[in-house]
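Trainee: Could we go through this model together? I would like to know what stands behind each term.

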Amino acid sequence: MRAMRATWDIFCNVVDNYGDIGIAWRLARGLAREHGLAVRLWVDDLHAFHRIWPAIAADAERQASEGVTVCAWRMPFAAAEPAQVVIEAFGCALPESYLAAMSLQAPPPVWINLEYLSAESWVAEHHGLPSPHPRLPLTKYFFFPGYTAGTGGLLAEADLAGRRAAFVRTETGAFWRRLGLDTPQPGELRVSLFAYENPALPALLDTWAADTRPVTCLVPEGRAIPQLAAWLPVSALQAGDEHRRGALRLRILPFLDQDTYDCLLWACGLNFVRGEDSCVRAQWAAHPLVWQAYPQAGTAHWVKLNALLARYTAGLDAAAARAVADLWQRWNGQPDTPDMAQCWAAWRRQQDPIERHARAWPERLAAAGRLTDKLVDFVENKLR
Ligand code: TRH
């Protein structure tokens, strides 16, 4: 049996935010579109799904979208014949009844836990390791996305670079009009901001307001809005609202669908991103980025942040690398970093080399390989 003919089930439990469903959806779409696979995506929160992909109906038990069968994951779990390949996204714990049904299949399904992405070096050593089920005759494999060839690679569509290049060449003006915005003025920096609540945000806004050149900050509706409202200050903010403070123009956007958000990353000169998926998309976008790592207990997210910083800044000259690192670390609340005004001034001084580096970065990133291709290869090897 070849994976190309296999059926696939992907299970996604939305813990919070949009990363779980964002990644599961990107993966499901990619497997269906590029590998012609029959993919069912089981999701326990279709409301979150609807936010990133409005074509999804939040109340449908089963629906088709982009060549994927989307199923509502309800408990108790109705009997379903297991697929030949089962992806458990981020250790979401498969329904017991489904696991039992898997153990009765001959041969048993290829069962894979899709892990979170990290740039840390241990990832390559753990990628692909098996773990036998304690009771059932099943083996789960751990599939680690990552930044090096020895990992599971990164999510990216085969035509991503081409679509981005075509957009930048011919579609940016129309995109800004679609969002109700003008095209950037000479010297204007257009920034997208996707962030968790962040104690560093007011200082960043102060700094932008005091910039010598215009900064337009575009914020899709979400968790940063209350802090923005408090800083302005205004009682509330909603999509379409615009406020000016000094050099800063702040504009609230509606939450965009996943593909349109990509266009925003391609169109802006600097992208503030968070979590996992938007961070990778911003890297593929070939513009400078500032990453806010998903906050974890203690300082675990600082370790992740510094691991990506080390990879991302390798090859930049020392002053530019320092400017990138200081701004990312200040944004993530790391101690012993200069204050925000100093970080921003240094970033501005290094903006040209940082932009050149960002343009060249996707080519280096591609060396990690594409996650969908690597996953299909991995499964084909197990099915042999
Ligand atoms: O939403 P997130 O903070 O998700 C997080 C992280 O993935 C984190 O690692 C995980 O542990 C936690 O969830 C549970 O950030 P992320 O990963 O960037 O996911 C956001 C998704 O939302 C991404 O697919 C892009 C999409 N998006 C839109 O579709 N429209 C938008 O307007 C915006 C801002 C994002």
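Mentor: Happy to. This is a predicted model, so local features need pLDDT of at least 70 and side-chain atom pairs count only at pLDDT 80 or more, while totals for chains, interfaces and linings use all residues. Residues are numbered from 1 along each chain as its sequence is written, and side-chain values use heavy atoms, with hydrogens and water left out.

Trainee: Why is the ligand said to lie between domain 1 and domain 2?

Mentor: Because domain 1 (3–154 + 368–383) and domain 2 (160–366) both give residues to the shell around the ligand. The domain bounds come from an automatic or database domain assignment.

Trainee: What makes a residue count as near the ligand, and which residues come nearest?

Mentor: One of its heavy atoms must lie within 4 Å of the ligand. There are 22 residues around the ligand, and Tyr-196, Leu-256, Arg-274, Asp-277 and Ser-278 come nearest.

Trainee: Which helix gives the largest share of the shell?

Mentor: Helix 1, with three residues. Helix 1 (19–35), helix 8 (258–267) and helix 9 (277–284) each supply at least two. Helices here are DSSP runs (H or I, at least four residues), and strands are too (E, at least two), numbered from the N terminus.

Trainee: What makes the pair between Tyr-196 and the ligand a polar contact?

Mentor: The definition asks for a pair of N or O atoms within 3.5 Å. A polar side-chain atom of Tyr-196 lies 2.5 Å from a ligand oxygen, so the pair meets that limit. Ser-278 also reaches a ligand oxygen through a side-chain N or O atom, at 2.6 Å, and a backbone N or O atom of Tyr-18 does so at 2.9 Å.

Trainee: How much of the ligand's accessible area does the protein cover?

Mentor: 97% of the 700 Å² that the ligand has on its own, by the Shrake-Rupley method with a 1.4 Å probe.

Trainee: Why is the bond between Ala-106 and Pro-107 worth a look?

Mentor: Most peptide bonds are trans. The one joining Ala-106 and Pro-107 is cis, with omega about -5°, and Pro-107 lies in the loop between helix 3 (96–103) and strand 6 (110–114). The bond from Leu-232 to Pro-233 is cis too, with omega near -20°.

Methods:
Polar contact = N/O pair within 3.5 Å; in protein donor to acceptor, adjacent residues only side chain to side chain.
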